[in-house]
Amino acid sequence: MKVLMTGNEALARGAYEAGVLVASAYPGTPSTEIMENFSQYEGVYAEWAPNEKVAAEVAMGAAVRGVRSFASMKHVGLNVAADPFMSFAYHGSNGGFVIITADEPNMHSSQNEQDNRLFSKLAKVVCLEPSDSQECLDYMKAAFEISETFDTTVMIRVTTRICHSKSPVMMGERKVPEVKVFSKNPEKYIMVPAHSRKRHPVIEENLLKLASFSDKTDLNGIEYFDTKVGIICNGISYQYVKEVMGDQASYLKIGFSNPLPEMKIREFASKVDTLYVIEENEPFMEMQIKSWGIHCIGKDLFPICGEFSPELIREKLLKIPSTSTYENELQAPLRPPVLCAGCPHRGLYQELGKYKKKAFFSGDIGCYTLGYLPPFEAMDLSIDMGASITAAQGFQRANEWATDSQDTLKPFALIGDSTFFHSGITGLINMTYNQTPITTIILDNSITAMTGHQENPGTGISAMGNIADKLSIENLVLACGIKKENLVVIDPYNLEETKKAIKAGFDAVEPYVIISRRECALIKEIQIQRAHQKCQVNWDKCRFCKACIRTGCPALQINQEVNKVQIDSVQCNGCTVCLQVCPFKAIEKGGDLA
Amino acid sequence: MKKNMNILLAGVGGQGTILTSKILSNGFLQQGYDVKMAEIHGMAQRGGSVTTQIRVGDQIFSPVIEKGQADIIVAFEKSEALRWLDYLKPDGILIVNDYMIEPFTVSLGISPYPYTFLNEYSQKIKHLHVFNAFKTAQDLGNAKSMNVVLLGAIVKYLQLDMIDWPSVIQDQLPEKHVAINMKAFHAGYQQ
């Protein structure tokens, strides 16, 4: 019987069926659900690592020992894991080893649009690209066979539309291969120059064998229909192209994209009148095909930026523009993502926003990145995971040389608990050791929230549900060199306490850390605990000054009929931030309202 | 059922559009159809605009619906209908939950809420059905079952009675939620 699965669920299932015993990941959209699902299977070891480099290396160690293993991450996660990824290509594998990269054309929840197929070429490893959920399962199993046969890393590259679309999947049985023998072999496993110089030619030779395999494998399949138009495509583009062209074109669907099947491409090109290469983002296939002297149309017609759609293919290929049925004079209101009602970050930003003219806010990646938006506008820079503390340090050191109106800006670094574990710690060590007087605020909501509540070393539970010793952020901060008197822990639901801490942080002349601690309001247990805690507006006292509205809480609404503020009791969890900012004491704690 | 059908659900993060589409697409699968369903998880957990799209038929390639190609659009929040209206087929069905979640951009005066748009569109859209599924669910005792009230309405207006929906609901939901959602489904169907 077939079941509906997302690409991510099917990748996890494929890994399970392939007999994977060890897997590690760091959450990141759109890859998160791969490990969430894999960790649910019996008879596997699964974990959330503090970052992608750690995840990749754990999986590599397992593969060296002789079991099948994988690490999964979002596209930018591979940047973090790039060091082991590039090196381990020289080691080869022992048990099968797979890296899953989930790329984000159109950046639904990402900072850039990098096409990680280029990484497979750079590292000289195999790249596979499934185009629906069934292929996610099948390719995952094929990946381990290829990895073991050719002693290589296999990268599976998926995109948001593959990860988060559901389609029918036929499941199979799990078969766990015997754990392979591990033999000590320094020439293969220790990459000192003398060994690396011997390994590099082996990798080059291996690539030739893989190119020949790429020509033979069904993962690269030709479908001949009308041969006036021939289309080489990959991943989700294949689905869009089939949707639009049906049997009015012939297809070479590339599922094994590094190394490309040169012979198969030459054969296909010779049989069609006009050859198109349709791939999202970079002209990865097109550039190689053109380098072989084959004429094809690719990025002249199809954009590098953003994601494709059937409409886009129809418009570019058939010159049929898309039409709207209804011309809208009215517009839906802007509905950007927003800090949730009861979000602990709101109280902090409410006070921090008051310093926006006097401070430089170096931010990081998480729900709290939304603090850059009105009404707070308390974030001025966000580069990548962990950059808040390091970039704030650089800003301060440069500001010491500046002599303009900005030269008094006090740098604050804003970083979440999970991001601090990911790559904030080294920055804090550097900042403290080099005595840079910036103030770091660790926004500890005790979970990896933005990706949907994954465990991290601060939560006290492992990915497999085991109880673990919580890592103490206080101890970690002190160990990084922050003095005891320069560390304060606050509850951001308490605005007075928060205000005091920020003032102390602003005035500090030494490295200073504020831990702003309150659990994410959406954690199930917290929701149950606070289910009946609500605030309500006393309309006799409300003067409609909108001070509460300026906290940006989505539970606060304007009642147009009476020109007063009302609180949506479904969303409110009684955090009392609005109550504390109301100058007329018009907001009351409803207590335990049903 | 028609040969190929496109269903677009639009709402606000936290309203349960994903569960509704999960029940729908599993119903279609059990009936032997090819199904694809696309969803987009944006940043942050709540309050943003969300959409799930279901395509069903004998053989489906693209998981996403093109402009002007939705057989039905279901707006879980009133103004979300407007955001997706140009995806509706000329003779398509529009179900609007007469329930507003005003984004903070409205309260802050950045973006106006189109309070009256339904009056203006009621002439243009042939198959428009408006009701308050939130109130229906609340009256039944659990406001959160609003999404399954809307499911009932979808089944009714698309005439999907050939599928045994109560058994699909039973399969897809934890046991303790089945009873209330059965009631919600029937209430939606009777709208």
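This report describes a sheet shared by chains A and B and some backbone features of chain A in a predicted model.

**The sheet**

Eight strands form an open sheet with mixed pairing, in the order β1(A)-β8(A)-β2(B)-β3(B)-β1(B)-β4(B)-β5(B)-β6(B). The edges are occupied by β1 (2-6) of chain A and β6 (127-131) of chain B; each has a single partner strand, so one side of each is left without a neighbour in the sheet. From one strand to the next, the twist averages 20 degrees.

**Strand β3 of chain B and its partners**

In the strand order, β3(B) stands between β2(B) and β1(B). Strand β3 of chain B covers residues 49-57, and eight of its nine residues are buried. On one side, β3(B) pairs with strand β1 (residues 5-12) of chain B in the antiparallel sense, over eight bridges. Within this pairing, B:V12 is placed opposite B:S49 of β3(B). Strand β2 (residues 34-39) of chain B also runs antiparallel to β3(B), and six bridges join the two. Here B:A38 faces B:Q53 of β3(B).

**The chain A end of the sheet**

The edge strand β1(A) is paired with strand β8 (residues 165-170) of chain A through five bridges, again in the antiparallel sense. One residue pair in this ladder is A:K2 with its bridge partner A:M170 in β8(A). Helix α7 (residues 133-150) of chain A lies across both β1 and β8 of chain A, and the helix runs at about 60 degrees to β8(A).

The three antiparallel pairings described above are set side by side here.

| Strand pair | Bridges | A facing residue pair |
|---|---|---|
| β1(B) and β3(B) | eight bridges | B:V12 and B:S49 |
| β2(B) and β3(B) | six bridges | B:A38 and B:Q53 |
| β1(A) and β8(A) | five bridges | A:K2 and A:M170 |

**Backbone features in loops of chain A**

Two cis peptide bonds precede prolines in chain A. The bond from A:T29 to A:P30 is cis, with omega near 5 degrees, and A:P30 belongs to the loop between β2 (22-25) and α2 (32-38) of chain A. The bond from A:P374 to A:P375 is likewise cis, with omega near 10 degrees; A:P375 lies in the loop between β14 (359-362) and α16 (387-399) of chain A.

Positive phi values also occur at residues other than glycine. A:S446 has a phi of about 60 degrees and sits in the loop between β16 (439-444) and α18 (473-479) of chain A. For A:K546, phi is near 70 degrees. The loop that holds A:K546 runs between β19 (533-537) and β20 (556-559) of chain A. With a relative accessible area of 30%, A:K546 is partly exposed.

Note on methods
Residues numbered from 1 in each chain as written. Chains lettered and ligands numbered in written order. Predicted model: local features only at pLDDT ≥ 70, side-chain atom pairs only at ≥ 80, totals over all residues. Heavy atoms only, no water. Buried < 20%, exposed > 50% of the residue type's maximum accessible area, 1.4 Å probe, protein only. Helix = DSSP H or I, 4+ residues; strand = E, 2+ residues; numbered from the N terminus. Pairing = 2+ DSSP bridges. Axes fitted to C-alpha atoms, helices over the stretch in contact; angles between N-to-C directions. Contact = heavy atoms within 4.5 Å.
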